[in-house]
Amino acid sequence: MASPGALEPAAGSVPGTKVELTVSCRNLLDMDTFSKSDPVVVLFMQGSGSSEWKEFGRTEVIDNTLNPDFVRKFVLDYYFEEKQNLRFDVYNVDSKSCSILKQDFLGQAFVALGEVIGSQRGRLERALTGVPGKRCGTILLLAEELSNCRDIVTMQLCANKLDKKDFFGKSDPFLVFYRSNEDGTFTICHKTEVVKNTLNPVWQPFTIPVRALCNGDYDRTVKIDVYDWDRDGSHDFIGEFATSYRELSRAQSQFTVYEVRRGARLGGRGAPHAGADPPLRPQVLNPRKKCKKKKYVNSGTVTLLSFSVESEFTFVDYIRGGTQLNFTVAIDFTASNGMPSQPTSLHYASPYQLSAYALALKAVGEIIQDYDSDKLFPAYGFGAKLPPDGKISHQFPLNNNADNPSCAGIEGVLESYLQSLRTVQLYGPTNFAPVINQVAGAAAQVTDGSQYHVLLIITDGVISDMLQTKEAIVTASALPMSIIIVGVGPAEFEAMEELDGDEVRVSSRGRYAERDIVQFVPFRDYVDDSGNQVLSMARLAKDVLAEIPEQLLSYMKTHDIKPRRADPQ
């Protein structure tokens, strides 16, 4: 589920050049009986000096096509002095499981990032292999260096009198945006939603980075195709028009109207498959051709209703502006963990090694504490019977101080955790909602961007209050907070993956989470057989914290909070 950023460079490396990889596939294996495959590409990378493959990210899933062109890009740090090995695994998504291993494997390709960058025009086609006795098709990769432009554009478009393409109804139009490359070819950069059964659609406003639209070159051609959506993926081409960032920006003071024309379009006459787009092979925008019908004028018009530009702020901008990260810990004290005094217990700490709980807490806490000025961390336990009356609690303070549950530093949290193990009785059930609501209450007190809360939950098993937990997450998604869940032990953790809303946004009673605020990782994926505990915990911390900057930015953007100016030194 994690989509971590670029792996750490070798010691001594300077910050790398940002490179954007665009991915397409051709002639994939067809694994579905009554339709075509629904492919996704997963990118794995090797760390410097390591033979271990680690997931970097995934494209979107495109339904019903053997020739997908993915919109979601991979942005990598490129280091000339390093060999950066990449592995692309292609799967057919055939079940609702979030686990990629439960999907149909369609093939894989191995390539070094330098090979892609060094190939002609930054384009590389490589055969997919890995399915015995089958031709798996090919993967096409396009690399382009990204500019440092940090502006983002918000625009809205509508259309009028588009051509009717459906026999029993009107058209179902959508737009596909392409930026031109320096060699005259085109790369997809955005796709609007489909507006059903109308020849006069109004599309929702959308945002796109300027570097994605034109890579900082304001006069670079931006091409826009208009399609009629069809369920089987054979979308009908309605027409096209071309513009540029500079021309689009004039809509800040006036409406801009474009004629949609038919003719020899980019990539030929064939419509893209469901969610797919014209291929990455060289395609030059041909001169406009008039339709053979003598009275043909156009296939409708598209109007740019609004266009605005603002700076894209970074996580560092907010931290420099004074935003504090408030770290809260919640630890599972349910009986399923086993008696802490027994070596089989997940809470067992030998004289030579910390427990899985302590290792996870230390790995994550030691990084996040650098962004918390007072180094005081509220720490709770849940699922235990408390002395003296044996009352079950799902949010008891580890330091036994209900008025002030904060511990001094990560060492203070560890000390209170170990003390609680000696005084409480592990019991159950496993309820997350009380502690999520506790932190959400604190987050709701200050919503101006000066405070952001991160809740770390370490647990061993199945959630007992799933409905209440979903409700709590949906409510918390509107607040300045994120939730990290580390699963310890051998459980499957499918419920946790459901809460990690990377693919499907969490919902409760018809309400969807405002944004994705949950990140889940299983601890067992970071147990190093070689015994290199320091390296293993560094990887764990990197993955569980990978989404925090984007989650913080999504809150700030949703609530239109700009970073404060850093105080002059």
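## A walk through the fold

Start by selecting helix α6: what covers its buried residues includes β17 (324-332), α5, β18 (376-382), β21 (396-397), β22 (406-408) and β23 (425-426). Here, helices (H or I, at least four residues) and strands (E, at least two) are DSSP runs, numbered from the N terminus. "Buried" means under 20% relative accessible area, "exposed" means over 50%, and "partly exposed" is in between (1.4 Å probe, protein chains only). Contact, which is what covering rests on, means heavy atoms within 4.5 Å.

Before you go on, know that you're looking at a predicted model, where local features need pLDDT of at least 70 and side-chain atom pairs count only at pLDDT 80 or more, while totals for chains, interfaces and linings use all residues. Residues are numbered from 1 along each chain as its sequence is written, and side-chain values use heavy atoms, with hydrogens and water left out.

**Stop 1: stay on α6**

Select residues 409-423, and you have the 15 residues of α6. From first C-alpha to last, α6 reaches 22 Å, close to the 21 Å expected at 1.5 Å a residue; that expected span is 1.5 Å times one less than the number of residues. Which residues of α6 are buried? Colour Gly-409, Ile-410, Gly-412, Val-413, Leu-414, Ser-416, Tyr-417, Ser-420 and Leu-421 to see them. As you look at the spacing, keep this in mind: an α-helix has 3.6 residues a turn, so residues three or four places apart point the same way.

**Stop 2: zoom out**

Show the whole protein as a cartoon. You'll find 11 helices and 28 strands, spread over a protein of 569 residues, 53% of them buried. Take the contacts between residues at least 6 apart in sequence: 73% of them join residues at least 24 apart.

**Stop 3: the nonpolar cores**

A nonpolar core is a set of buried Ala, Val, Leu, Ile, Met, Phe, Trp, Tyr and Cys residues joined through side-chain atoms within 4.5 Å. Show side chains for Phe-327, Phe-333, Ile-484, Val-486, Phe-523 and Leu-540: these have the most contacts inside the largest core, which has 50 residues. Now add helix α5 (residues 356-368), which gives the most to this core, with nine residues. Apart from it lies another core, of 31 residues, including Leu-76, Tyr-78, Phe-88 and Val-111. In soluble globular proteins, nonpolar side chains tend to be buried together.

**Stop 4: Leu-456**

Click on Leu-456, in strand β24 (residues 451-459). Is Leu-456 buried or exposed? It counts as buried, because its relative accessibility is 0%. Skip the neighbours within four places in sequence, and Leu-456 is in contact with Phe-327, Thr-328, Val-329, Ala-330, Leu-361, Val-364, Ile-484 and Val-486. Then try a distance label to Ser-482: that residue is 26 places away in sequence and 8.7 Å away in space, C-alpha to C-alpha.

**Stop 5: a four-stranded sheet**

Next, find the open, antiparallel sheet of four strands in the order β11-β10-β13-β14. Strands count as paired if DSSP finds at least two bridges between them. The edge strands are β11 (186-191) and β14 (236-244), each pairing on one side only.

Select β10 (residues 173-180) and β13 (residues 221-228), which pair antiparallel over seven bridges. Two spots to check: Phe-174 has Tyr-227 of β13 as its bridge partner, and Arg-179 stands opposite Val-222 in β13. On to β14: eight bridges join this strand to β13, again antiparallel, with Thr-221 opposite Ser-244. Seven of the eight residues of β13 are buried.

**Stop 6: Thr-187**

Still in this sheet, click on Thr-187 in strand β11. Thr-187 has 0% relative accessibility, so it counts as buried. Which side chain does the side chain of Thr-187 make a polar contact with? The partner is the side chain of Asn-181, at 3.0 Å. (A polar contact is a pair of N or O atoms within 3.5 Å; within protein, one must be able to donate a hydrogen and the other to accept it, and residues adjacent in sequence count only if both atoms are side-chain atoms.) Leaving aside neighbours within four places in sequence, the contacts of Thr-187 include Thr-22, Lys-73, Leu-142 and Phe-177.

**Stop 7: a three-stranded sheet**

Select β20, β19 and β23, which form an open antiparallel sheet in that order. β20 (391-393) and β23 stand at the edges with a single partner strand each, so one side of each has no neighbour in the sheet. Strand β19 (residues 384-386) pairs with β20 over three bridges, and one spot to zoom in on is Leu-386, whose bridge partner in β20 is Lys-391.

**Last stop: helix α11**

Finish at residues 548-558, helix α11, where Ile-548, Gln-551, Leu-552, Leu-553, Tyr-555 and Met-556 are buried. After α11 comes Asp-560, with a positive phi near 55°.
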